[in-house]
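Dear colleague,

I am handing over the structure below, together with an account of what was found in it. Please read the notes alongside the sequence and the model.

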Amino acid sequence: MNLSLRGLVIGFVLAVGLFAQASASEQRVALVIGNGGYRSVPELRNSRNDADDISEQLKRLGFAVIDGRDLDRSAMQAALSRFAQRLRGSEAGLVYYSGHGLQINGQNFLVPVDLKMDGGAFTPFEMVKLDDVIEALSYTDGVRLLVLDACRDNPFANVLAQNKGSRGAGMTRGLAKIERSQGMLIAYSTQPNAVAADGNGRNSPFTGALVREMQVPGLEVATVFRRVAVNVNRETGGAQTPELSVSLLQDFYLNPQESDVSAWQKLGPSASVTDLKTFISRFPTSVMVDAARARLEAIENANERERLAREYAEKERRLRQELETAEAGYRKATSELAERRESEERERLANAKASAPAAAAPPALASTHAGSVPEIAASTRDDNEREQRIKEQAAKEQIATAERERLASQVAAFEADKARLANERQALERAMSESLAKAQAERERAEKRVAAETARLPVFALDQQRTIAPAATPRRAASTCQEINARAQIGDISEADRDILKHGCR
């Protein structure tokens, strides 16, 4: 095999590998089109913003996104073709369209930006059939999602409606309900044959609500769009209620990350400090954060209580040892002092007996005016011995006095240590009692907070992280009924709402 042929083979293998890798990574594919810069009618201010924000969220959620902005008919058809090719082998396909859409004789069309209004005469062949979009979605064997924010107040429909002789006399503002929805989820920004608002902010009410809900993890896709419907209904004061058609045969999660509700339920009552801190860091905006902090505080209080108990137990053990040592030293010093005093008393009595005969000798000697030399020498020796004994006795008494004073000082020191240790033990017991009482009170308060936050869970499960604008005052009665009906679709209804539906919304 020559070098050029070998290079071609290696290149082909690498290309196949890269293609397989790309295909494997594109398990979720989306086509996002935002048409706002129409050439024959005023532009839609928010369509490009809507498409940009949806595209950004889809990319964050793992979708491979084919983007298109201000596409003419040929560009829309080319984007559909690329999208269909990349859908093969995917687990999900999603189409989001923001722009003008209309229906003619019950058939829906998406309007490219190059559609001309030449005296109000144009044909459906200049637009893109919504059926073609559905056909492109069929290239995936997985979940198919179609999201249409395409029901603005359409000037094309208005012009053709005024042209009585046009073939577009069957044109209607808004889109018709799609009947070919088997195995699909189709989300409309408003109800069939109705008109959706473009919005005064960056996004339309529908897309703004959808962008927010896509950021909530762990919601099944049908739940996402039901929540979007509730939000849009509230934000528009009942003027706009999105429509949802669901015939999916399996659950699908736009944001497959674990939700805070699910993560909270998995924690259980035995969650550790690490688990709770991890939950707080993962879901800092969750309404369960207060409950997590309360449980964390309760655990830390219990740990602090145990630490204090161990610390005080160790201190008490050391104090007890010191006290026992002091007691033993005191008993030893007291015993030695008593023995010293008894010994001194015995020596004193012995010395007194020994000195009695010597004291009587001088008168007998005095009666002898003159004696022999040996007698005088013996008398002198006795005197010297007596003086020596007196000196020795004085030295012993001095030593005994010093030892007695030392022992007495030691006994006094041991008595002071005993008093000091007794005071320290009392102070320790008071401090331990106060600290444990404080820790117990904090633990009880934390447990009450946990109970209060846990009791709220069933109430906020559906309202979590939902941004809701206050309802407008016009059309209050009708909007109230529509809002309750929308919330009833997701089970978010109270007994008071049931009474309103029963008695006030007929």
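A convenient place to begin is Asn105, which sits in the loop that links strands E4 and E5. Although Asn105 is not a glycine, its phi is positive, at about 50°. Most residues other than glycine have a negative phi. With a relative accessibility of 62%, which is over the 50% cut-off, Asn105 counts as exposed. Please keep in mind, here and below, that this is a predicted model.

A second residue with a positive phi is Asp70, again at about 50° and again not a glycine. Asp70 belongs to the loop between strand E2, residues 64-69, and helix H3. Its relative accessibility is 27%, so Asp70 is classed as partly exposed.

Arg69, by contrast, is part of strand E2 itself, and at 24% relative accessibility Arg69 is likewise counted as partly exposed. Setting aside residues up to four places away in sequence, Arg69 touches Val32, Gly34, Asn35, Arg48, Ala51, Asp52 and Ser55. One of these partners, Arg48, is 21 residues from Arg69 in sequence, while the two C-alpha atoms are 6.5 Å apart in space.

Turning to the chain as a whole, the secondary structure consists of 13 helices and 10 strands. The protein chain has 506 residues, of which 39% are buried. Among contacts in the chain with a separation of 6 or more, 75% join residues that are 24 or more positions apart.

The largest nonpolar core has 40 residues, and within this core Phe83, Leu146 and Leu148 touch the most other members. Two or more residues are given to this core by each of strand E1 (28-34), helix H3 (73-87), strand E3 (92-98), strand E4 (101-104), strand E5 (107-110), helix H4 (130-137), strand E7 (143-149) and strand E9 (184-188). Helix H3 is the element that gives the most, with six residues. As for Leu148, once its neighbours within four places in sequence are left aside, its contacts are Tyr97, Leu110, Leu130, Leu175, Ile178, Ala187, Tyr188 and Ser189. There is also a second core, separate from the one just described, which has 32 residues and includes Ile54, Leu94, Tyr96 and Val143.

Three helix pairs deserve a description of their own. In the pair formed by H3 and H4, the axes are 8 Å apart and the packing angle is about 20°. Since that angle is under 35 degrees, H3 and H4 are roughly parallel to each other. On the H3 side the meeting residues are Gln77, Leu80, Phe83, Ala84 and Leu87, and on the H4 side they are Asp132, Val133, Ala136 and Leu137. Sorted by class, the contact of H3 with H4 comprises seven nonpolar residues, one polar and one charged.

In the pair formed by helix H2 (residues 47-60) and helix H6 (residues 205-214), the axes come within 10 Å and cross at roughly 15°. H2 and H6 are therefore also described as roughly parallel, and the crossing by which H2 passes H6 is left-handed. H2 contributes Asp50, Asp53, Ile54, Gln57 and Leu58 to this contact, whereas H6 contributes Thr207, Leu210, Val211 and Met214. The classes represented in the contact of H2 with H6 are five nonpolar, two polar and two charged residues.

The pair formed by helix H8 (residues 260-267) and helix H9 (residues 273-282) has axes that come within 11 Å and cross at roughly 175°. Because that angle is over 145 degrees, H8 is roughly antiparallel to H9. The contact is made by Asp260, Ala263, Trp264 and Leu267 from H8, together with Asp275, Leu276, Phe279 and Arg282 from H9. By class, the contact of H8 with H9 holds five nonpolar and three charged residues, with no polar ones.

Finally, Pro284 is found in the loop between H9 and helix H10, which spans residues 289-366. At 56% relative accessibility, Pro284 counts as exposed. Pro284 is 24 residues from Asp260 in sequence, and the distance between them in space, C-alpha to C-alpha, is 9.7 Å.

With kind regards

Technical notes: Residues numbered from 1 in each chain as written. Predicted model: local features only at pLDDT ≥ 70, side-chain atom pairs only at ≥ 80, totals over all residues. Heavy atoms only, no water. Axes fitted to C-alpha atoms, helices over the stretch in contact; angles between N-to-C directions. Helix = DSSP H or I, 4+ residues; strand = E, 2+ residues; numbered from the N terminus. Parallel < 35°, antiparallel > 145°, perpendicular 65-115°, else oblique. Left-handed = near helix turned anticlockwise from the far one by under 90°. Contact = heavy atoms within 4.5 Å. Nonpolar A, V, L, I, M, F, W, Y, C, P; charged D, E, K, R; others polar. Core = buried A, V, L, I, M, F, W, Y, C linked by side-chain atoms within 4.5 Å. Buried < 20%, exposed > 50% of the residue type's maximum accessible area, 1.4 Å probe, protein only.
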